[in-house]
Amino acid sequence: MKDITFLFQGVVDKAFVHDSLAMVRKMFPQSRIILSSWAGTDVAGLDFDELVLCEDPGFFYYSDQPGEKINNVNRQIVGIRAGLEKVETPFCFRFRTDFRLNGGGFLDFFDAFPERDDAYALFSRKLLACSYFSRNPRSRLHFPFHPSDLAFFGRTDDIRKLYDVPLMTEEDARWNTGDRRHNRYTPEQHIFINALRRDGRSVPCEYYNDGNEAAVLATERYFASNFVFLSFDQFNLEPSKPIFFMKVHPNSFRTCYTHNEWIGLYQKHVDPKAVVPEHDGEREKIDRYYRPYKVCRLLGNMMSLPFKSKVKRRAIRTGVLEFFLMPR
């Protein structure tokens, strides 16, 4: 597949990345591999065709709350744009360095759902993306315009268009949501919404959980015309900690589309002849993991009640989940 470049971007865990690069080299020996990371990264012994080392643009916290999580959107934009500048092939598979590829079956999904609504088509052809964490804005989170940013495959120019966006500013990082200051958008929303606006489109979403009906409907139409959401298995992706990834996040996964649910959007908004499978094994898997997770989460919440520190409470909840749900 000499027309594909594989772009790895992110922090380098040498042992994991070494194996990830080797797997791509074995499966796609004619493809180029680009590694984009940060200045000072040790890459000795890693097998890639081109290396890009960027200066770290820094990060924001999601809010001013103590113990808040880190928003790395500017790191993602800087690292991926720098890597994309080196891509010369018509197609690109861009993914994070904490994922590895285990096959080429994902190619079967490219152009498998070709119909689009031209009024909502941002790209020349649809991008393959992960169903995790592509949010359903009709779920309890109400996060519109939130396609997963874990990985993308498609035309290189389309991925460039997605990431040709401004960095998150201090103003957007400390957006006044009415009762507190919080990032205006999540990283996924910041990238997709700004790509739409740069293309001259009006986006009816003022902040991350602005789940008004116009935003929800526009999200569905854009998702149906610009992406194909795939499970990890369909996308041939493995996270560096696959069991932990599923075991600790099922509550969050419940707000994401499955592949079959994306086909439902495609049928509703683009192609009425599309067939939605009756059986959704991915949704059943999420629900199956969620039941024991819910019990462990409740136990973790109870055990963390005496502690005021948000960081401490989160560590206790995660520890309980790992203890009871991780295999021995």
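Gln9 sits in strand 1, which covers residues 4–9. In this predicted model, Gln9 has a relative accessible area of 7%, so it counts as buried. Leaving aside residues up to four places away in sequence, Gln9 touches a good list of partners: Ser36 and Trp38, then Arg75, Gln76, Gly79 and Ile80, and finally the run Arg94, Phe95, Arg96 and Thr97.

Turning to charged pairs, the count comes to 21 salt bridges. Side chains of opposite charge can pair when their charged atoms come close. One of the pairs brings together Asp47 and Arg25, with 3.0 Å from N to O. Asp47 belongs to the loop between strand 2 (32–38) and strand 3, while Arg25 belongs to helix 1 (residues 14–27); the two are 22 residues apart, and the pair links distant parts of the chain. Asp47 has a relative accessibility of 37%, and therefore goes down as partly exposed.

A second pair joins Asp64 to Arg174, where the closest N and O atoms are 3.1 Å apart. Here both partners come from loops: Asp64 from the one between strand 4 and strand 5 (70–71), Arg174 from the one between helix 4 (170–173) and strand 10 (175–176), so this salt bridge ties together parts that are 110 residues apart in sequence. As for accessibility, Asp64 counts as exposed because its relative value is 51%, and the cut-off for that class is over 50%. Its partner Arg174, at 35%, is partly exposed.

Strands supply the next pair. The side chains of Arg100 and Glu238 meet in a salt bridge, at 4.0 Å from N to O, and the rule asks for a nitrogen within 4 Å of a carboxyl oxygen. Arg100 is part of strand 7 (residues 99–101) and Glu238 part of strand 13 (residues 237–239), so the contact ties together parts that are 138 residues apart in sequence. The arginine of this pair, Arg100, is buried at 16% relative accessibility, whereas Glu238, at 27%, is partly exposed. Besides these pairs, there is also a network of salt bridges, which links Arg138, Glu213, Glu220 and Lys268.

Next, the cysteines. A disulfide is a covalent bond between the sulfur atoms of two cysteines. The structure has zero of them. Cys92, for one, is in no disulfide, and the nearest cysteine sulfur, that of Cys54, is 14 Å away. Cys92 is also buried, with a relative accessible area of 0%. For Cys256, the closest cysteine sulfur is in Cys130, and at 10 Å that is too far for a bond, since a disulfide would need the two sulfur atoms within 2.5 Å. Cys256 is likewise classed as buried, at 1% relative accessibility.

Finally, the surface. Phe59, Tyr61 and Ile70 form a nonpolar patch there, and together they have about 280 Å² of accessible area. Within this patch, Phe59 is placed in the loop between strand 3 (50–54) and strand 4 (60–61). With a relative accessibility of 34%, Phe59 counts as partly exposed, and a patch residue has to be over 30%.

Conventions: Residues are numbered from 1 along each chain as its sequence is written. This is a predicted model: local features need pLDDT of at least 70, side-chain atom pairs count only at pLDDT 80 or more; totals for chains, interfaces and linings use all residues. Side-chain values use heavy atoms; hydrogens and water are left out. Patches are made of residues with over 30% relative accessible area and no salt bridge: like charges are joined within 9 Å, nonpolar side chains (Val, Leu, Ile, Met, Phe, Trp, Tyr) within 5 Å. Accessible areas come from the Shrake-Rupley method with a 1.4 Å probe; for residues, only the protein chains shown count as cover. Helices (H or I, at least four residues) and strands (E, at least two) are DSSP runs, numbered from the N terminus. Buried means under 20% relative accessible area, exposed over 50%, partly exposed in between (1.4 Å probe, protein chains only). Contact means heavy atoms within 4.5 Å.
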